[in-house]
Protein chains: 4
Amino acid sequence: MSANTQIPSGLSNSNPAPVDRAKQCAAALLSERGEASGAQVARELHHLLRTLDADDRRSFQRYLATEFQPDQAALRAAAERYLADSTAEAAAALARVADPPRQELLRRLNMAPGGTGALIAMRSEITAHLRDEPELKLLDADLKHLFASWFNRGFLELRRIDWQSPAAVLEKLIAYEAVHEIKGWDDLRRRLASDRRCFAFFHPALPGEPLIFVEVALVQGLATAMPPLLARTTDEEATRAQAGRADTAIFYSISNCQDGLRGISFGNFLIKQVVEELKAEFPQLKHFSTLSPVPGLRRWLGQRLANGSDPDAALLPQLESDGWWNDQARSEKLRAPLLRLGARYLTRKPSIRIDPVARFHLGNGARLERINWLGNNTPRGIQESFGIMVNYLYDHDSIEHNHDAFVRDGIVVRSPEVDALLQS
Amino acid sequence: MSANTQIPSGLSNSNPAPVDRAKQCAAALLSERGEASGAQVARELHHLLRTLDADDRRSFQRYLATEFQPDQAALRAAAERYLADSTAEAAAALARVADPPRQELLRRLNMAPGGTGALIAMRSEITAHLRDEPELKLLDADLKHLFASWFNRGFLELRRIDWQSPAAVLEKLIAYEAVHEIKGWDDLRRRLASDRRCFAFFHPALPGEPLIFVEVALVQGLATAMPPLLARTTDEEATRAQAGRADTAIFYSISNCQDGLRGISFGNFLIKQVVEELKAEFPQLKHFSTLSPVPGLRRWLGQRLANGSDPDAALLPQLESDGWWNDQARSEKLRAPLLRLGARYLTRKPSIRIDPVARFHLGNGARLERINWLGNNTPRGIQESFGIMVNYLYDHDSIEHNHDAFVRDGIVVRSPEVDALLQS
Amino acid sequence: MSANTQIPSGLSNSNPAPVDRAKQCAAALLSERGEASGAQVARELHHLLRTLDADDRRSFQRYLATEFQPDQAALRAAAERYLADSTAEAAAALARVADPPRQELLRRLNMAPGGTGALIAMRSEITAHLRDEPELKLLDADLKHLFASWFNRGFLELRRIDWQSPAAVLEKLIAYEAVHEIKGWDDLRRRLASDRRCFAFFHPALPGEPLIFVEVALVQGLATAMPPLLARTTDEEATRAQAGRADTAIFYSISNCQDGLRGISFGNFLIKQVVEELKAEFPQLKHFSTLSPVPGLRRWLGQRLANGSDPDAALLPQLESDGWWNDQARSEKLRAPLLRLGARYLTRKPSIRIDPVARFHLGNGARLERINWLGNNTPRGIQESFGIMVNYLYDHDSIEHNHDAFVRDGIVVRSPEVDALLQS
Amino acid sequence: MSANTQIPSGLSNSNPAPVDRAKQCAAALLSERGEASGAQVARELHHLLRTLDADDRRSFQRYLATEFQPDQAALRAAAERYLADSTAEAAAALARVADPPRQELLRRLNMAPGGTGALIAMRSEITAHLRDEPELKLLDADLKHLFASWFNRGFLELRRIDWQSPAAVLEKLIAYEAVHEIKGWDDLRRRLASDRRCFAFFHPALPGEPLIFVEVALVQGLATAMPPLLARTTDEEATRAQAGRADTAIFYSISNCQDGLRGISFGNFLIKQVVEELKAEFPQLKHFSTLSPVPGLRRWLGQRLANGSDPDAALLPQLESDGWWNDQARSEKLRAPLLRLGARYLTRKPSIRIDPVARFHLGNGARLERINWLGNNTPRGIQESFGIMVNYLYDHDSIEHNHDAFVRDGIVVRSPEVDALLQS
């Protein structure tokens, strides 16, 4: 990319390399020039950044991360004043001085068209380098702080996604679906049929970009396995009738789309608002539940059984044998012990490392409702959790109680059915 | 609102007053319950707040302003650590701890529908009380800090307002026009005719609420007086033809609409983007200028002339006589000295208290282009500035230079014509 | 088009008058050139027509009306063939030949942007001249025939009009309201408040032009007088509460907007669809009724009472006295006889000349529900009908029966209350 | 619907078959009941029709075609009056009586939601039966007459279709593309890239249904072969740059979507308006041309060469040999004679049966610009026209002249290049 490398020493570089021009432009953006013509300077800077190669971009990111610190003398003075007299005003003054100029710079970068998207892409890009270049962590933290403010729930728009949505949005569902792969447009279409719903959050500054989306199936009774939910039916009449009969909404997939927004949580809000939307459209719906994977089960169980003294240690060789899930005789023998162990795994004190999917739904106030045998026999499902899938139930009236029990007291609220498994 | 004050000691208050319930709800919003059901708790809280009377609202605002401080022990520790070792990481940790929980609480209040509008209204309401109740200043500062982030230029949408706009938006123009009163719907319609343009910034969270709007007249040559701009013509053909002939866009009124957003500046961005829009629609436009009032002229001149030794002191009695502006003989005698004094007033070093309209446009990088005699002979125009109106010219190529000269060096860049006045 | 070179004197006029060029252009539009470039020729023609003055427009309209007849020889032949053998095919052939080229020309005129509006304006303009220039009647009939096809119910879009509607649409309500004058924007706003509804039909080819609109008040019980419906309330809360309590929708004004579409009926469809919309929005609504004027009452009664032998003849001088409607003593004496006479007037056999408002609603299947004393004491209300106003009730289950009784058997279906008046 | 009272056994069928109920409902729609509740009766009828099987639908269609004739006595009388005195008024009266009630019935059928689509589907369905059941021709002609009026150019909306369009619209492009098959979503996406354009006409009564669409490639110079136009590139930057460099727009595919609208021509309008749109978006475009198939070439040439005395008869066995188009040696020998014969075929007097694609473009006023060797070597391209593709050039300034020459004088206007082929 940059040419211009053989600059004879002693001569000033009158035609600086693009990355240097980008750095100068960033400095200008925070200067008076930025005040007069902020939006324009921001536009120029984004234009420059788009021409940089990966190395130059990294160099620019390091520059952002290491320059633009709070003024040290002022901050020391404010700290001393606060220690001398810890008033609210002194605290506020301290906060003001501690706010790094980098934050203001990032806010100004956002003023150009496409700025928000470019900042999200920047955070996505630095993720992979946080370990090697810890100085990037400050930039990462500042971006995360800004995004948490900008992507406040109050600024998000819930939109239904269906076959009337733009193809440009739909192809993003195919790309971002993280749980149950969407195999092309026909598969997508089935997931948007009349007995399905898909909702996403959008932000006004990223018009065609879903931030997170959830896929819902309208069914009768609690769905216990994925294959029926993903089977293709193309009969419009049948799917419409199915929607009319449904008493249960199954949230079978929820996917975050923007890596640069990781750590900003949308899922809890999304599920709860979608429950409201579905109730309004289908007053006859009685139950709202997920059908969720248990990604940490095999790892936990493997460690446990590897200890030969575990009473269930004998299961291990069978679990590692191939194809048992397609052999009813073999799989039936595993059913009872595995369901019991699954229940144990999911109800351990959350103080220990808990399954991430469980933590998410239990933390949202859902209840551990059912543990399903062979709910997902795809290679990934078997690999992660021996095919076990779980229903977490969202029951409006008990959400706050469940949440409190989980967060304050480390209690996993569960159905009698799960209790029975624990005692089996 | 409700009384309920005589609670016998020893009995718990099972039915607290609304303001107390609002305070409890605010505390809950920041607790675990807020994490589980944030959007819902926020909705409840806004609902409660709408039922409070003015006194209770003030009580709630004081509660917000005085509670929810940073943790004192933690902040002291962080301050000490920073003083011991002033690294970037220690500064960042300090900033994190200094960020008051109130900010997070305000962010959560924003999660409910209508939250942004309610927070803006809250800031508008406390303005009047900042002097009497200085503890509200912390709340005011936190709100302003949040708004500066949320109302970033990158999130604003420029929209043209015309006769196709919803009446609900148009009536807000009538209500908010701060410079040249709009006298009802017929007057408004004229200001939206084919040789006029009106643009406003909107924010997605306040869909029908303009934040700031500017009114533009498309004319031939620099307009020097208001009456022709405000005269009514209803002939659609004539206004269309006028737009086609225009070589100059006159920004004759710019009004902020949201008192709760004061201190967050939109005007600079608005003018500059409107210049872009107009250039795209009317490539033949050559000049972009304001026709602006000089609100501080009379006050300044009064003080100056009151000093009898001023060479112009003799003007004072004439200026204070009634109706001179309608009497050509008298007004012609005043023209030369007043234009000269106006030029003096507007070109003083900005380090002294400068006229606020001048500061705004000069700070944006505009040039002081013309000072016009009797450009506005309404009572208010006479009262403020003896009818003098000023053109500030926005010339793309010199904006940054003008801005730098003004901000760095205190120089008011001006046309030769103004220079001539100064030397007259 | 083409040049204008060297015309020897005395020769043909190569630079024809605009009206002649318009006629040539119309002829071209129906020729091969029209086939190759129809939309463009139509555009040219509309452009030419806009430059004509009233006389020239009339000349052009006469040209349209008298030229472009069916081919006489072909039509005679088709007529003879049909008379010789009256098959369906011969009838169809006859219809084909009888369809005048003018219809095709008008269809082609519609191909240009704005064409539909221009044709409606043309029909509106010729209305006033049909009596003097009967040859225009053929043009009028052809336009009406086309409009009846183009403005088919299936192509109309029902839209709610409220304070979010564009000012450009709202000002048309003010202009077109034909029953109860809208006195400016404040009055309009009240009619669009939360306890009011306004709906209009629009056609896609006339985007901002309502074709017909109806104003509805949501009230408790049958409204019997206009003043409460038109009184101004600006309290948003109160009107919202009122809408929530309402059990009755009163259609108090219905106005056609496009004179050029007279004879194409929209009102029946509008009322019936608005009933559906209101039921969906307010399931608690039980009654749908008009509050309507009786425009023919005074004329009928005057003729009747002028016959001195009528038993009510003595009423005449009182009715012609001034201000009785403001004098309770005088007006109370008139109440009983006038209500009785009103009931007589409205229930006469429809074979006689019936009141036009009554014919419209009874023909739509409404029932004559109530006759209200002093329901409208504006000068016009007194002048037309001594202030009497009538409720016509739209009751879904009896609409077809009422319509049949009225149309087939000349029976005005009415409430027991009206029956009682008749027997009083 | 009304009671079912006391039908003596053996008498009329009180529970008629759906098809009979549909016929009764159609009759009612044209009766007074239809006048009172037209939209509702139309809705009922469409509902009934949706439940009929194919045989019953045919029976209903025959019923529409054979009933609802003009009144024979009235039509005979009107014919006689016209023969007696052939005035314009008598002609108009005759036209009025000759208009069959079926037309009015079809207009009323259109009043229900979805009515227009259902009528189009009906015409589509009867197409296949017109030969066997000629009585359906009257119904077909009436539908066509109505559609010609309803789908007037003035009511069509041109819309660009791109990757932001709803998937529900895009899948219709895949389904309806009639010239160069779209092989799935990836292929479609390429056809909607930045150096491509796709436009369609829509009608307000069929919101998601394109009526006709055209696909355009933006290229440099006249494109002479399809493969480069259909090759996939996914590089967004490259396609954007290509669009910026283009000087020529190639209309490479135009497809009608609604079989029920056959005979109503949209293509001419579509091409001409798309030329306007493209000029506005890309002022640098100089040429607008098709790249079109020659579907009738092989048939014509086969017949000609089959006559052994034709000087080119020796070509026949080579043309019928397999794979010559992939064998440069063989194909080069065929090039010159086939291009010459292609030129002959396309420039024959249009009074003879002309190639339908040629007739369409020449009739629109295009010029026969180039005949391209092996422009389309797909099986279909070889089969139809030995791979020959043709450019028809749309040159604004000569369109009317070309059209006139073709339509009036049977002259195919062509480029010197084609002339040279003819003389080769």
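What percentage of the 424 residues in chain A is buried? In this predicted model, buried residues make up 42% of chain A. I shall begin with the overall form of the chain, then turn to two of its elements, and finish with the contact to chain D.

Chain A contains 20 helices and 7 strands. Along its principal axes, the C-alpha trace spans about 80 × 55 × 50 Å. If we consider the contacts in chain A with a separation of 6 or more, 72% of them are between residues 24 or more positions apart.

Let me turn to strand 3 of chain A, residues 212-219. This strand is largely enclosed by the rest of the structure, because 8 of its 8 residues are buried. Both faces are covered. On one side are Ile212(A), Val214(A), Val216(A) and Leu218(A), and on the other Phe213(A), Glu215(A), Ala217(A) and Val219(A).

Which strands pair with strand 3 of chain A? One is strand 2 of chain A, residues 196-202, which runs antiparallel to strand 3 and is joined to it by 6 bridges. Within this pairing, Phe199(A) has Val214(A) as its bridge partner. Another is strand 4 of chain A, residues 248-256, also antiparallel, over 8 bridges. Here Ala217(A) stands opposite Ile250(A).

The second element is helix 5 of chain A, residues 88-98. Its buried residues are Ala91(A), Ala92(A), Leu94(A), Ala95(A), Val97(A) and Ala98(A). As a general point, an α-helix has 3.6 residues a turn, so residues three or four places apart point the same way. What do the buried residues of helix 5 of chain A pack against? Within chain A, they pack against helix 4, residues 72-84. From chain B, they meet helix 4 (72-84), helix 5 (88-98) and helix 8 (136-150).

Finally, I come to chains A and D. In this interface, 8 residues of chain D are in contact with 8 residues of chain A. On the chain D side, helix 9, residues 167-176, gives the most, with 3 residues. That side divides into 6 nonpolar residues, 2 polar and no charged.

How are the two chains related? A turn of 180 degrees, with a shift of 0.0 Å along the axis, lays chain D on chain A with an RMSD of 0.0 Å. That is the relation of a two-fold axis. Of the residues of chain D, Pro166(D) comes closest to the rotation axis, its C-alpha lying at 2.1 Å. The copies meet through the same surface, because 100% of the interface residues of chain D are also interface residues in chain A.

Definitions and conventions: Residues are numbered from 1 along each chain as its sequence is written. Chains are lettered from A and ligands numbered from 1 in the order in which they are written. This is a predicted model: local features need pLDDT of at least 70, side-chain atom pairs count only at pLDDT 80 or more; totals for chains, interfaces and linings use all residues. A residue is buried if 20 or more other C-beta atoms lie within 10 Å of its own, exposed if 12 or fewer, and partly exposed in between; C-beta atoms are placed from the backbone. Helices (H or I, at least four residues) and strands (E, at least two) are DSSP runs, numbered from the N terminus. Two strands pair if DSSP finds at least two bridges between them. Two residues are in contact if their C-beta atoms, placed from the backbone, lie within 7 Å. Ala, Val, Leu, Ile, Met, Phe, Trp, Tyr, Cys and Pro count as nonpolar, Asp, Glu, Lys and Arg as charged, and the others, Gly among them, as polar. Copies are superposed by least squares on the C-alpha atoms of residues with pLDDT of at least 70 in both.
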